[in-house]
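Subject: Structure handover

Hello,

Here is the structure we talked about. Please open it first, then read the notes below it.

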Amino acid sequence: MAHPDWALKHKTKGSEVKHINCNYYLYKVSSRWNKEKKRSEKISGKLIGRITTEGLSIRSSELVEILAKSVRVKEYGASHYLYQKHNRILQAIQYFLFKQKQQN
């Protein structure tokens, strides 16, 4: 049975659409090599969310995982260099702010 277009539009690489009890769900999917069968096997993973005609309702735990994976630190080296190079200045500013807070 073919899935409807509104359900398939949520399918991405590493996921699959399943039809269970008249509902559509999006699951993580991966594969591994089976040495005995000499071919890869599909492995269904965790549930990502339920697909409705209005859209995909993602479970909150999956949403946190998805957002965490999308965060990338691209300039760590430059920030680390500047932090190490100007550490004394940063300490002086922190000391000044601390003293100013104590006076108020």
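**What was found**

Lys42 is an exposed residue, with a relative accessibility of 56%. Its salt bridge goes to Glu16, where the closest N and O atoms are 3.0 Å apart. That pair links distant parts of the chain: Lys42 sits in strand 3 and Glu16 in strand 1, 26 residues apart. One caution before going further: this is a predicted model.

**The charged network**

Glu16 has a second partner. Its side chain also meets that of Lys18 in a salt bridge, at 4.0 Å from N to O. How do the three residues differ in exposure? Glu16 counts as buried, because its relative accessibility is 11% and the limit for buried is under 20%. Lys18 is at 25%, so it falls in the partly exposed class. Lys42, at 56%, is exposed. Salt bridges with shared partners join Glu16, Lys18 and Lys42 into one network.

In total, the model has four salt bridges. Another of them pairs the side chains of Arg32 and Glu41, at 3.8 Å from N to O. Arg32 is exposed, with a relative accessible area of 51%. Arg32 and Glu41 are also bridge partners in the strand pairing, with Glu41 on strand 3. Side chains of opposite charge can pair when their charged atoms come close.

**Overall layout**

The protein has four helices and four strands. Along the sequence the pattern reads α-β-β-β-β-α-α-α. Of its 104 residues, 14% count as buried.

**The sheet**

In what order do the four strands lie in the sheet? The order is 1-2-3-4, in an open sheet with antiparallel pairing. Strand 1 (15-20) and strand 4 are the edge strands, each pairing on one side only. Neighbouring strands are turned by 50° against each other on average, direction ignored.

Now take the pairings one by one.

- Strands 1 and 2: antiparallel, over six bridges. They form a hairpin with two residues between them, and Asn21 in the turn has a positive phi of about 50°. On strand 2, His19 has Tyr24 as its bridge partner, and Lys18 has Tyr25.
- Strands 2 and 3: strand 2 (residues 23-34) and strand 3 (residues 39-52) run antiparallel and are joined by ten bridges. This hairpin has four residues between its strands, and Lys38 in the turn has a positive phi of about 60°.
- Strands 3 and 4: strand 4 (residues 55-58) pairs with strand 3 in the antiparallel sense over four bridges. The hairpin has two residues between its strands. The bridge partner of Arg50 is Ser57, in strand 4.

Lys18 therefore appears twice in these notes: Tyr25 is its bridge partner in strand 2, and its side chain, partly exposed at 25%, meets Glu16 in a salt bridge.

Ser44 is worth a look too. It belongs to strand 3. Its relative accessible area is 33%, which means it is partly exposed. The C-alpha atoms of Ser44 and Tyr27 are separated by 6.7 Å, although the two residues are 17 apart along the chain.

**The aromatic pair**

How many aromatic pairs does the model hold? The count is one. Trp6 and Tyr24 meet edge-to-face, at 5.3 Å centre to centre and 85° between the planes. This contact links distant parts of the chain: Trp6 is in helix 1 (residues 5-8) and Tyr24 in strand 2, 18 residues apart.

Are the two rings' residues buried or exposed? Tyr24 is buried, at 9% relative accessibility. Trp6 is partly exposed, because its value of 30% lies between the 20% and 50% limits. Tyr24 is also the bridge partner of His19.

**A nonpolar surface patch**

Last item. Ile89, Ile93, Phe96 and Leu97 form a nonpolar patch on the surface. Together they have about 400 Å² of accessible area. One of them, Ile93, is found in helix 4 (residues 87-103). Its relative accessible area is 43%, so it counts as partly exposed.

Best wishes

Technical notes: Residues numbered from 1 in each chain as written. Predicted model: local features only at pLDDT ≥ 70, side-chain atom pairs only at ≥ 80, totals over all residues. Heavy atoms only, no water. Pairing = 2+ DSSP bridges. Patch = residues over 30% accessible without salt bridge, like charges linked within 9 Å, V, L, I, M, F, W, Y side chains within 5 Å. Areas by Shrake-Rupley, 256 points an atom, 1.4 Å probe, with all protein chains shown as cover. Buried < 20%, exposed > 50% of the residue type's maximum accessible area, 1.4 Å probe, protein only. Axes fitted to C-alpha atoms, helices over the stretch in contact; angles between N-to-C directions. Phe/Tyr/Trp six-rings, centres within 6.5 Å; stacked < 30°, edge-to-face > 60°.
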